[in-house]
Amino acid sequence: FKKKSYTERLENLFSKLNNIKYSISINSCTSALHIAFLAIGLKKNDEVLVPSLTPIMCGTTIHLAGGVPVFTDVDPETFLIDENDIKRKITKKTKAILAVHMYGGICNLKNLKKICKENKLFLIEDCAESMLAKDENNSLTGTVGDIGCWSFQAAKQLTCGDGGILTTNNSNLAKRIR
């Protein structure tokens, strides 16, 4: 009987809590976002659609991974990514959509997943401000997208001072993230 490390215990408990197959610890949500973009194979000049009202690291991590952040409008009622503007801004260069759940608002994951499926795009979720939150379809954040990125920074709902975690149900993405 081998005692599991604190990291392994955290990852297992986080997966169980969120009903997701793989949880992988990291030092911050910023690093989690950067790794997510690398894991999906973001290449030079690939575009990622990101809301214009978002923390700066959402755009900078796309840039650091070699991609181009394409800022979309936000819905004036929810302050979340505008699904209609997403549809207008998808091009042949678009590789992914970054759903940023913030200020207690949760993106409509069903709609975003449908857009991604129709356009063969990845859906990355920034769940830094949405621990155990559900959208209007009762979908739990971090479980619908291809990768969920979480923060344990001091101002978040679940904190240990700093840190983060990535979640996915895709074994290939989990291997690439590790």
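## Reading a seven-strand sheet and its cores

Modeller: Let's begin with the sheet: 7 strands form an open sheet with mixed pairing, in the order S1-S7-S6-S5-S4-S2-S3. Helices (H or I, at least four residues) and strands (E, at least two) are DSSP runs numbered from the N terminus, and two strands pair if DSSP finds at least two bridges between them. This is a predicted model, where local features need pLDDT of at least 70, side-chain atom pairs count only at pLDDT 80 or more, and totals for chains, interfaces and linings use all residues. Residues are numbered from 1 along each chain as its sequence is written, and side-chain values use heavy atoms, leaving out hydrogens and water.

Colleague: Which strands stand at the edges?

Modeller: In general, strands of a sheet pair through backbone hydrogen bonds, either parallel or antiparallel. Here strand S1 (22-26) and strand S3 (68-72) each have a single partner strand, so one side of each is left without a neighbour in the sheet. From one strand to the next, the twist averages 25°; angles run from 0 to 180 degrees between N-to-C directions, with axes fitted to C-alpha atoms, for helices over the stretch in contact.

Colleague: How many bridges join S5 to S6?

Modeller: These two run parallel and are joined by 3 bridges. Glu125, for instance, has Gly148 in S6 as its bridge partner.

Colleague: Which strands does helix H1 lie across?

Modeller: Contact means heavy atoms within 4.5 Å. Helix H1 (residues 6-18) lies across S1, S6 and strand S7 (164-168), at about 135° to S1. H3 lies across S2, S3, S4 and S5, and runs at about 150° to S3.

Colleague: Which residues touch the most other members of the largest nonpolar core?

Modeller: A nonpolar core is a set of buried Ala, Val, Leu, Ile, Met, Phe, Trp, Tyr and Cys residues joined through side-chain atoms within 4.5 Å. Buried means under 20% relative accessible area, exposed over 50%, and partly exposed in between (1.4 Å probe, protein chains only). Of the 39 residues in the largest core, Phe37, Ile97, Leu98, Ile124, Ile147 and Cys149 touch the most other members. Helix H2 gives the most to this core, with 6 residues.

Colleague: What about disulfides?

Modeller: A disulfide is a covalent bond between the sulfur atoms of two cysteines; the test used is a pair of sulfur atoms within 2.5 Å. The structure holds 0 disulfides. For Cys127, the nearest cysteine sulfur, that of Cys149, is 7.3 Å away. Cys127 counts as buried because its relative accessibility is 1%.
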